[in-house]
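Biologist: I have a model open on my screen and would like to understand one part of it properly. Could you take me through one helix and its surroundings, step by step?

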Amino acid sequence: MKSVTVYTDGACSGNPGPGGWAAVLSYMGHEKELSGGEAATTNNRMELSAVIAALSALNEPCAVTLYTDSQYIERAINERWLDSWKRRGWRRKDGPVKNLELWQELDRLLGVHEVSVHWVKGHADNEMNNRCDALAVARRDEYAGMEG
C-alpha cells in the first residue's frame, strides 16, 4: 500500500462567507496541490472539503498521514465522534450533524484508505500548513471578489 502525506486547510471570511480550501499531497518526492472554494460557505465546510478532495484524488487505497489544523476534523475522527454520530443515525447529542453530506463522504473515504489524522497548530511554524493556508486564502479571496 502506498504511503501518502497530506496537508489540508480551509479559510473563510465571515462564517458564512466566501471560503477556500487547499490540500498538498506528497508521495515519494512528488507533490500535488489541490484547491477550490465557494462564494457562501463556512470554515468547517472548507476544512472538510479539503480533506475530501485530497482523499478523492488518490487513485487507489493508500496509507494516508493527514495533517490538519482543524480540531473539529481531528477530534471527530480520532475521538470517534464520527462513529458515535453514525450509531445515532447521524445525530449529535444536541441535534442533527451539520454538513451531513460532507461527513458521509468523508466517512466513505475513510473506509477506502488507512488514514491517521494529526492536528497541527495553524498559523505557526509548520511550512506545509502555512502553504495550504496561503492556497486556501487565495481561493477564498477569488470567491470574495465574485460577491455582489
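Modeller: What follows is a walk from the whole chain to helix H1 and then out to its surroundings. Please keep in mind that this is a predicted model.

Let's set the scene with the whole chain. The protein chain holds five helices and seven strands, and along the sequence these come in the order β-β-β-α-β-α-α-β-β-α-β-α. The C-alpha trace spans about 40 × 40 × 30 Å along its principal axes. A compact globule of 148 residues would have a radius of gyration near 15 Å, and the protein chain agrees with this because its own value is 15 Å. Of those 148 residues, 46% count as buried. If you look at contacts between residues at least 6 apart in sequence, 65% of them join residues at least 24 apart. The exposed surface comes to about 7700 Å², with carbon and sulfur atoms supplying 47% of it. As for charge, there are 17 positive and 21 negative charges, and their mean positions lie 8 Å apart.

Now to the helix itself. H1 covers residues 43-56, which is 14 residues. From its first C-alpha to its last it reaches 20 Å, close to the 20 Å expected at 1.5 Å a residue. How enclosed is H1 by the rest of the structure? Largely so, because eleven of its 14 residues are buried. The buried residues are Arg 45, Met 46, Glu 47, Leu 48, Ser 49, Ala 50, Val 51, Ile 52, Ala 53, Ala 54 and Leu 55. In an α-helix there are 3.6 residues a turn, so residues three or four places apart point the same way. In H1, the buried residues run without a break from Arg 45 to Leu 55.

Glu 47 is a good residue to pause on. This member of H1 has a relative accessibility of 3%, so Glu 47 counts as buried. Leaving out residues up to four places away in sequence, Glu 47 touches Asp 9, Gly 10, Thr 68, Asp 69, Ser 70 and Ile 73. Leu 109 sits 62 residues from Glu 47 along the chain, and their C-alpha atoms are separated by 15 Å.

One neighbour of the helix is strand E1, residues 2-12, where you will find Thr 8. Thr 8 counts as buried because its relative accessibility is 0%. With residues up to four places away in sequence set aside, Thr 8 touches Ala 50, Val 51 and Ala 54, among others. Its other contacts include Ala 22, Ala 23, Leu 66, Tyr 67, Asn 129 and Cys 132. Thr 8 also touches Thr 68 and Asp 69, and these two are among the residues that Glu 47 touches.

Further along E1 comes Ala 11, which counts as buried because its relative accessibility is 5%. Ala 11 touches Asn 43 and Met 46, and its other contacts include Pro 18, Gly 19, Gly 20, Ala 136, Val 137 and Arg 140. Ala 11 and Leu 135 lie 124 residues apart in sequence, yet their C-alpha atoms are 9.2 Å apart in space.

Next, turn to helix H2. Its buried residues are Tyr 72, Ile 73, Glu 74, Ala 76 and Ile 77. They pack against H1, and also against strand E4, helices H3 and H4 and strand E7. Ile 73 ties this to our earlier stop, since Glu 47 touches Ile 73.

Last, a few backbone details. Most residues other than glycine have a negative phi, and most peptide bonds are trans. Just after H2, Arg 80 takes a positive phi of about 65°, although Arg 80 is not a glycine. Arg 80 lies in the loop between H2 and H3, and counts as exposed because its relative accessibility is 54%. Met 28, in the loop between E2 and E3, has a positive phi of about 50° although it is not a glycine either. Met 28 is exposed, with a relative accessible area of 66%. Finally, a cis peptide bond joins Asn 15 and Pro 16, with omega about 20°. Pro 16 is found in the loop between E1 and E2.

Methods. Residues are numbered from 1 along each chain as its sequence is written. This is a predicted model: local features need pLDDT of at least 70, side-chain atom pairs count only at pLDDT 80 or more; totals for chains, interfaces and linings use all residues. Side-chain values use heavy atoms; hydrogens and water are left out. Helices (H or I, at least four residues) and strands (E, at least two) are DSSP runs, numbered from the N terminus. The radius of gyration is taken over C-alpha atoms; the globule rule is 2.2 Å times the number of residues to the power 0.38. Buried means under 20% relative accessible area, exposed over 50%, partly exposed in between (1.4 Å probe, protein chains only). Contact means heavy atoms within 4.5 Å. Accessible areas come from the Shrake-Rupley method with a 1.4 Å probe; for residues, only the protein chains shown count as cover. Lys and Arg count as positive and Asp and Glu as negative; His and the chain ends are not counted. The place of a charge is taken as NZ of Lys, CZ of Arg, CG of Asp or CD of Glu. The expected span of a helix is 1.5 Å times one less than its number of residues.
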